[in-house]
Amino acid sequence: MSFNFQNRKIDFVKHRKKFFVFSGAFTLLGIILLLTLGLNLGIDFESGSRVDLLSPETLTTDVVEEEFAKLGYSPDDVQLAGDNNEMASVGFIGVLTPAEITEIQAHFSTEYGNEPSISTVDPIIGHELARNALLAVLLASIGIIIYVTIRFELLYGIAAIVALLHDAFFIIAVFSLLQIEVNVPFIAAVLTIVGYSINDTIVTFDRIRENMKLAKRVKGFEDLAKIVNMSLVQTLARSINTVLTVVFAAAAIFIFGGEAIRSFAFALLVGLAAGTYSSMFLAAQLWLIWKAKQLQKKKRTSLQQPDGEPTV
């Protein structure tokens, strides 16, 4: 039942239980992490203040933190920007008082010759963005199920949604485990991966459908497993080339990009790995099991007469 890829025999279906155990175990671990550690929410989702600095010289995170330490403040987040890192965006969880704002503006006006811009972050906006993102995923899931059901069949749609939610949760669990700050770019990364994941899954399902049409007969699990294995091998090179292309771009952003976009790039990298895994080792395998049960049920039904008595 194995097929050759680069002169190597591969049998994806044979290891399906291992894939299910891994995904189930990681999902359980992710739930435990969220219940215990939770997410490291940035000031986009908490009430706080942001101080934007402009310096005539290059800034570093240590230099900015030392300047605030002189005033007795400890920033919760420091992000550098500009061609020479001459700009810094400093976040504080909690709203600064008018007296504190005046003190900070006076200090940095003297040090850098520019009065910093200080704004208050309303957590309501961040919470609304999170709710809208969740609603977007929900509506997209419904739309995907309808589209895939029309183009393929309902089982394809359900398997695709399971893989999609698996990928989104994978990113959230990793961020909870590493306690990386969750901000608005993180939400953008999750939505990006949702689009990537469903696209990769649809390509695999399309090949399975084509091979189903070419098959002379499909009686049960063995025939379906052969089709799924062949389809996965046929799309393997495409999946690898696609993900590597995007991974190189995301890795470059993560390494050379600024702090403001680094969490976005890291979430993309995690999501790309999860999306490729789920398309090949989760969605297709789930469809295989459900389709085999469907065929088995139809076979039992066809062997009985309308009154329920076996045919002679």
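Arg 209 and Asp 206 are three residues apart in helix α6, so about one helical turn separates them. In this predicted model, their side chains meet in a salt bridge, with 2.9 Å from N to O. The pair does not stand alone: salt bridges with shared partners join Arg 151, Asp 206, Arg 209 and Glu 210 into one network.

The link to Arg 151 leads out of α6. Asp 206 forms a salt bridge with Arg 151, and the closest N and O atoms are 3.4 Å apart. Asp 206 lies in helix α6, residues 184-214, and Arg 151 in helix α4, so this salt bridge ties together parts that are 55 residues apart in sequence. Both partners fall in the intermediate class of accessibility. Asp 206 counts as partly exposed because its relative accessibility is 22%, and buried would mean under 20%. Arg 151 has 33% relative accessibility and is likewise partly exposed.

A further salt bridge connects α6 with the helix that follows. The side chains of Arg 238 and Asp 200 meet with an N to O distance of 2.5 Å. Arg 238 lies in helix α7, residues 221-256, and Asp 200 in helix α6, so the pair ties together parts that are 38 residues apart in sequence. Here the two ends are in unlike surroundings: Asp 200 is buried, with a relative accessible area of 1%, whereas Arg 238 is partly exposed, at 29%. In total, the structure holds six salt bridges.

The packing of α6 and α7 can also be described by their axes. The axes come within 9 Å and cross at roughly 140°. That angle makes α6 oblique to α7, because only angles over 145 degrees count as roughly antiparallel. The crossing of these two helices is right-handed.

Helix α6 also contributes a buried nonpolar residue. Ile 193 is found in α6 and has a relative accessible area of 2%, which means that Ile 193 is buried. The C-alpha atom of Ile 193 is separated by 7.3 Å from that of Ala 168, although the two residues are 25 residues apart along the chain.

Another helix pair is α1 and α5. Helix α1 spans residues 16-36 and helix α5 spans residues 154-178; their axes come within 9 Å and cross at roughly 50°. The angle makes α1 oblique to α5, since roughly parallel would require an angle under 35 degrees and roughly perpendicular one of 65 to 115. In this case α1 passes α5 in a left-handed crossing.

Attention now turns to the loops beside these two helices. His 15 is placed in the loop between β2, residues 8-10, and α1. With a relative accessible area of 30%, His 15 is partly exposed. His 15 and Ile 180 are 165 residues apart in sequence, and their C-alpha atoms are 33 Å apart in space. Gln 179 has its place in the loop between α5 and β8, the latter being residues 181-182. The backbone of Gln 179 has a phi near 55°, a positive value in a residue other than glycine. Gln 179 counts as partly exposed, at 32% relative accessibility.

A positive phi also occurs at Asn 85, where the value is about 55° although the residue is not a glycine. Asn 85 lies in the loop between two strands, β5 at residues 77-81 and β6 at residues 87-93. The relative accessible area of Asn 85 is 31%, so Asn 85 is partly exposed.

The last feature is on the surface. Leu 135, Leu 138, Leu 139, Ile 142, Ile 146 and Ile 150 form a nonpolar patch there, with about 610 Å² of accessible area together. One of these residues, Leu 135, is found in helix α4, which covers residues 123-151. Leu 135 has 44% relative accessibility and therefore counts as partly exposed. Helix α4 is also where Arg 151 lies, the salt-bridge partner of Asp 206 in α6.

How values were computed
Residues numbered from 1 in each chain as written. Predicted model: local features only at pLDDT ≥ 70, side-chain atom pairs only at ≥ 80, totals over all residues. Heavy atoms only, no water. Patch = residues over 30% accessible without salt bridge, like charges linked within 9 Å, V, L, I, M, F, W, Y side chains within 5 Å. Areas by Shrake-Rupley, 256 points an atom, 1.4 Å probe, with all protein chains shown as cover. Salt bridge = Lys/Arg side-chain N within 4 Å of Asp/Glu carboxyl O. Helix = DSSP H or I, 4+ residues; strand = E, 2+ residues; numbered from the N terminus. Buried < 20%, exposed > 50% of the residue type's maximum accessible area, 1.4 Å probe, protein only. Axes fitted to C-alpha atoms, helices over the stretch in contact; angles between N-to-C directions. Left-handed = near helix turned anticlockwise from the far one by under 90°.
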